[in-house]
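Hi,

Here is the structure I promised to pass on. Have a look at it first, and then read my notes underneath.

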Amino acid sequence: MEWLSANIGTILVLLIVCALVALVVRKMIRDRRKGKSSCGCNCGCCPNSGMCHSKPPKK
């Protein structure tokens with residue numbers, strides 16, 4: 001119990017950081033399911049533009 005009271009500040013900060021990380025991950029998962037992305041939509045400057053917005057297959 002003494003250790004817990006000596007480290008309560010550190011434990012509280014750890015819990016807050018873990019909660020924030022969980023909220024960010026949750027938002028990213030929800031956005032991904034809705035089809036949103038973190039793309040800035042400036043594909044002319046993006047080195048991965050060929051992977052994100054691939055051309056439709058030729059017939």
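Let's begin at the very start of the chain. Met1 sits in the segment before α1. Keep in mind that this is a predicted model, so everything below is computed from it.

Is Met1 buried or exposed? With a relative accessibility of 82%, Met1 counts as exposed, because anything over 50% goes into that class. Met1 also has company: together with Trp3, Leu4, Ile8, Leu12 and Leu15 it makes a nonpolar patch of about 710 Å² on the surface. Which helices contribute to that patch? Both α1 (2–6) and α2 (8–33) supply at least two residues each, and α2 gives the most, with 3 residues.

Now zoom out for a moment. The protein has 3 helices and 0 strands, so if you walk along from the N terminus you meet the elements in the order α-α-α. How much of the protein is buried? Of its 59 residues, 2% count as buried. About 6000 Å² is exposed, and carbon and sulfur atoms supply 66% of that area.

Next, follow α2 along its length. This helix has 26 residues, and from its first C-alpha to its last it reaches 37 Å. That is close to the 38 Å you would expect at 1.5 Å a residue. Just after α2 comes Gly35, which takes a positive phi of about 90°.

There is some charge to look at as well. Arg26, Arg30, Arg33, Lys34 and Lys36 gather in a patch of positive charge on the surface. Take Arg30 as an example: its place is in helix α2, and its relative accessible area of 45% makes it partly exposed, because that value lies between the 20% and 50% cut-offs.

Finally, the salt bridges. Side chains of opposite charge can pair when their charged atoms come close. How many salt bridges does a search of the whole structure find? The search turns up 1. Asp31 forms a salt bridge with Lys27, and the closest N and O atoms of the two are 3.1 Å apart. Why are they about one helical turn apart? Asp31 and Lys27 are 4 residues apart in helix α2, so about one helical turn separates them.

When you open the model, try finding Met1 and its nonpolar neighbours in the patch, and then move on to Asp31 and Lys27.

Cheers

Terms used. Residues numbered from 1 in each chain as written. Predicted model: local features only at pLDDT ≥ 70, side-chain atom pairs only at ≥ 80, totals over all residues. Heavy atoms only, no water. Patch = residues over 30% accessible without salt bridge, like charges linked within 9 Å, V, L, I, M, F, W, Y side chains within 5 Å. Areas by Shrake-Rupley, 256 points an atom, 1.4 Å probe, with all protein chains shown as cover. Salt bridge = Lys/Arg side-chain N within 4 Å of Asp/Glu carboxyl O. Buried < 20%, exposed > 50% of the residue type's maximum accessible area, 1.4 Å probe, protein only. Lys, Arg positive; Asp, Glu negative; His and termini not counted. Charge placed at Lys NZ, Arg CZ, Asp CG, Glu CD. Expected span 1.5 Å × (residues − 1).
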